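Visitor: I have a chain open on my screen and would like to talk it through. Can we start with the overall layout and then go into the details?

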Amino acid sequence: MDSVLVSACLRGVPCRYDGRDKAAPGLDDAVAGRAVVSFCPEAAGGLPTPRRPAELVGGDGHDVLDGRARVVEDTGRDVTAEFVDGAHRALAAARHAGCAEALLMPRSPSCGRGTVYDGSFGGELVAGDGVTAALFERNGIVVRSGPGV
Ligand code: SF4
């Protein structure tokens, strides 16, 4: 059976920064017939739930992986190490389960694909990928945004 890694919050796990989930209508159809690995990179990286919101500063997830950008909470605390560690743990989980695809939460600094917040905490979006999405793409895992959110 094919396997797919899914952002845990899209599967109804209350692991978002605000302690809530983001259960996605249509997810069951999107993963039908496949084994599902639910994973939250930020929790896996050691961050608590709830936690302060964080955004990418100085670039996107690819830039973070290359050491050119950081992940920072709205308090100014640098959580780059936790985000990178969580991304590598997500990649290990995906590889262990043989996942060729991931369905990830849009706009997240970890899971977002194609669009992320700009680092100003003002709600502005820019083109880019989250840290986990970037690491997946670099390692041949097809990243799609989860449905219905
Ligand atoms: Fe965790 Fe990703 Fe959902 Fe954020 S978007 S709560 S990192 S699974």
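Guide: What follows is a walk through this chain, which is a predicted model.

Visitor: How many helices and strands are there?
Guide: There are five helices and eight strands. Starting at the N terminus, the order of elements is β-α-β-α-β-α-β-α-β-β-β-α-β.

Visitor: And what radius of gyration does the chain have, against a compact globule?
Guide: The chain has 14 Å, and a compact globule with 149 residues would be near 15 Å, so the two agree. The C-alpha trace spans about 45 × 30 × 25 Å along its principal axes.

Visitor: What share of the residues is buried?
Guide: 45% of the 149 residues count as buried. On contacts, take those between residues at least 6 apart in sequence: 64% of them join residues at least 24 apart.

Visitor: Now the sheet. What is the strand order?
Guide: The order is β2-β1-β5-β8, four strands in an open sheet with parallel pairing. β2 (35-39) and β8 are the edge strands, each pairing on one side only. From one strand to the next, the twist averages 25°.

Visitor: How many bridges join β1 to β2?
Guide: Five, with β1 covering residues 3-7 and the two strands running parallel. In that pairing, Leu5 has Val37 of β2 as its bridge partner.

Visitor: And how many bridges between β5 and β8?
Guide: Four bridges, also in the parallel sense. There, Leu103 is matched with Arg144 of β8.

Visitor: Which side chains of β8 are buried?
Guide: Val143 and Ser145, which point to one face. Val142 and Arg144 point to the other face and are not buried.

Visitor: Which strands does α4 lie across?
Guide: α4 lies across β1, β2 and β5, and runs at about 165° to β2.

Visitor: What about the core, how many residues does the largest nonpolar one have?
Guide: It has 43 residues. Those with the most contacts inside this core are Leu5, Val71, Ala94, Ala102, Val131 and Phe136. Elements that each supply at least two of its residues include β1, β3 (54-57), β6 (115-117) and α5. The element that gives the most is α4, with six residues.

Visitor: Pick Ala102. What does it touch?
Guide: Setting aside residues up to four places away in sequence, Ala102 touches Val4, Leu5, Ala94, Phe136, Ile141 and Val143.

Visitor: Phe136 turned up there. Is its helix, α5, mostly covered or mostly open?
Guide: Mostly covered: α5 spans residues 131-138, and six of its eight residues are buried. The buried ones are Val131, Thr132, Ala133, Ala134, Leu135 and Phe136.

Visitor: What do those buried residues pack against?
Guide: They pack against several elements, among them α3 (61-65), β4 (70-73), α4 (80-97), β5 (99-104) and β8 (142-145). Gly140 follows the helix and has a positive phi, near 80°.

Visitor: Which residues other than glycine have a positive phi?
Guide: Arg107 is one of them, with a phi of about 70°. Phe121 also has a positive phi, near 60°.

Visitor: Where do they sit?
Guide: Arg107 is in the loop between β5 and β6. Phe121 is in the loop between β6 and β7 (125-127).

Visitor: Why does Phe121 count as partly exposed?
Guide: Because Phe121 has 14 C-beta neighbours inside 10 Å, and partly exposed lies between the cut-offs of 12 or fewer for exposed and 20 or more for buried. Arg107 is partly exposed as well, with 15 other C-beta atoms within 10 Å.

Visitor: Changing topic: where is the cis peptide bond?
Guide: The cis bond joins Thr49 and Pro50, with omega about 0°. Pro50 lies in the loop between α2 and β3.

Visitor: How far apart are Pro14 and Pro50?
Guide: 9.0 Å in space, C-alpha to C-alpha, while they are 36 residues apart in sequence.

Visitor: What else is there on Pro14?
Guide: Pro14 lies in the loop between β1 and α1 (27-30). Pro14 is partly exposed, having 14 other C-beta atoms within 10 Å. Beyond its neighbours within four places in sequence, Pro14 is in contact with Gly19, Arg20 and Asp21.

Note on methods:
Residues numbered from 1 in each chain as written. Contact = placed C-beta atoms within 7 Å. Pairing = 2+ DSSP bridges. Axes fitted to C-alpha atoms, helices over the stretch in contact; angles between N-to-C directions. Rg over C-alpha atoms; globule rule 2.2 N^0.38 Å. Core = buried A, V, L, I, M, F, W, Y, C linked by C-beta atoms within 7 Å.
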